[in-house]
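Trainee: I'm new to this one and would like a close look at a single part. Could you take me through the helices, one piece at a time, and show me what sits around them?

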Amino acid sequence: ISTIDSMRKTFDKYNYLIDPHTAVANIAASKLKSRIHGKTVILATAHPAKFPKVVEETGIKLSNIPKQLEMIFKKNERSYYFKPDKDEIFKFIKTNN
């Protein structure tokens, strides 16, 4: 089962759209079901609206996008290059936060 399939099946069964990360957890829990005793809890990790391209692949209409998230999608994306040095990364975060 793929991430997209997991999202679709969950939506079809519960009328609830899960994000891709939660879909992966759902797949893992399903695969481990025979070895798990008792109930399983999966905590959703993100709003599905963070992944508009993936949601589009499911064929499910995205609705009720949180306003704060909508604002983010209207901003220009930027990227920065860092050496693999945590001090440099932390300095950037402190300076730009």
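Mentor: Let's start at Pro-52, which has its place in helix α3, residues 52–58. This is a predicted model, so keep that in mind as we go. Pro-52 has a relative accessible area of 37%, so it counts as partly exposed. Now look across to Phe-73: it comes 21 residues away from Pro-52 along the chain, and the C-alpha atoms of the two are separated by 9.9 Å.

Next, swing over to helix α2, which covers residues 20–32 and holds Thr-22. Thr-22 has a relative accessibility of 5%, and because buried means under 20%, Thr-22 counts as buried. Its side chain has polar company, too. One polar contact, at 2.4 Å, links the side chain of Thr-22 with that of Asp-19. The Thr-22 side chain also reaches the backbone nitrogen of Thr-45, at 3.2 Å. Thr-45 turns up again when you set aside the neighbours within four places in sequence: Thr-22 is then in contact with Ile-42, Leu-43, Ala-44 and Thr-45.

Right after Thr-22 comes Ala-23, and here you can bring in helix α1. Leaving out neighbours within four places in sequence, Ala-23 is in contact with Thr-3, Ser-6, Met-7 and Ile-18. Thr-3, Ser-6 and Met-7 belong to α1, and together with Thr-10 they meet a set of α2 residues: Pro-20, Ala-23, Val-24, Asn-26 and Ile-27. Sort the residues of this contact by type and you get five nonpolar, four polar and no charged.

How do the two helices sit against each other? The axes of α1 (residues 3–14) and α2 come within 8 Å and cross at roughly 90 degrees, so the pair is roughly perpendicular.

Two residues from that contact also lead you inward. Met-7 and Ala-23 are both part of the largest nonpolar core, which has nine residues in all. The other members are Leu-17, Ile-18, Ala-49, Val-55, Ile-60, Leu-62 and Leu-69.

To finish, go to helix α5, residues 86–96, for a helix in another setting. Of its 11 residues, the number buried is zero, so α5 lies largely in the open. Its N-terminal end is capped by Asp-85, with a side-chain oxygen of Asp-85 lying 3.2 Å from the backbone nitrogen of Asp-87.

How values were computed: Residues are numbered from 1 along each chain as its sequence is written. This is a predicted model: local features need pLDDT of at least 70, side-chain atom pairs count only at pLDDT 80 or more; totals for chains, interfaces and linings use all residues. Side-chain values use heavy atoms; hydrogens and water are left out. Helices (H or I, at least four residues) and strands (E, at least two) are DSSP runs, numbered from the N terminus. Buried means under 20% relative accessible area, exposed over 50%, partly exposed in between (1.4 Å probe, protein chains only). A polar contact is a pair of N or O atoms within 3.5 Å; within protein, one must be able to donate a hydrogen and the other to accept it, and residues adjacent in sequence count only if both atoms are side-chain atoms. Contact means heavy atoms within 4.5 Å. Axes are lines fitted to C-alpha atoms, for helices over the stretch in contact, and angles run from 0 to 180 degrees between N-to-C directions. Angles under 35 degrees count as roughly parallel, over 145 as roughly antiparallel, 65 to 115 as roughly perpendicular and the rest as oblique. Ala, Val, Leu, Ile, Met, Phe, Trp, Tyr, Cys and Pro count as nonpolar, Asp, Glu, Lys and Arg as charged, and the others, Gly among them, as polar. A nonpolar core is a set of buried Ala, Val, Leu, Ile, Met, Phe, Trp, Tyr and Cys residues joined through side-chain atoms within 4.5 Å.
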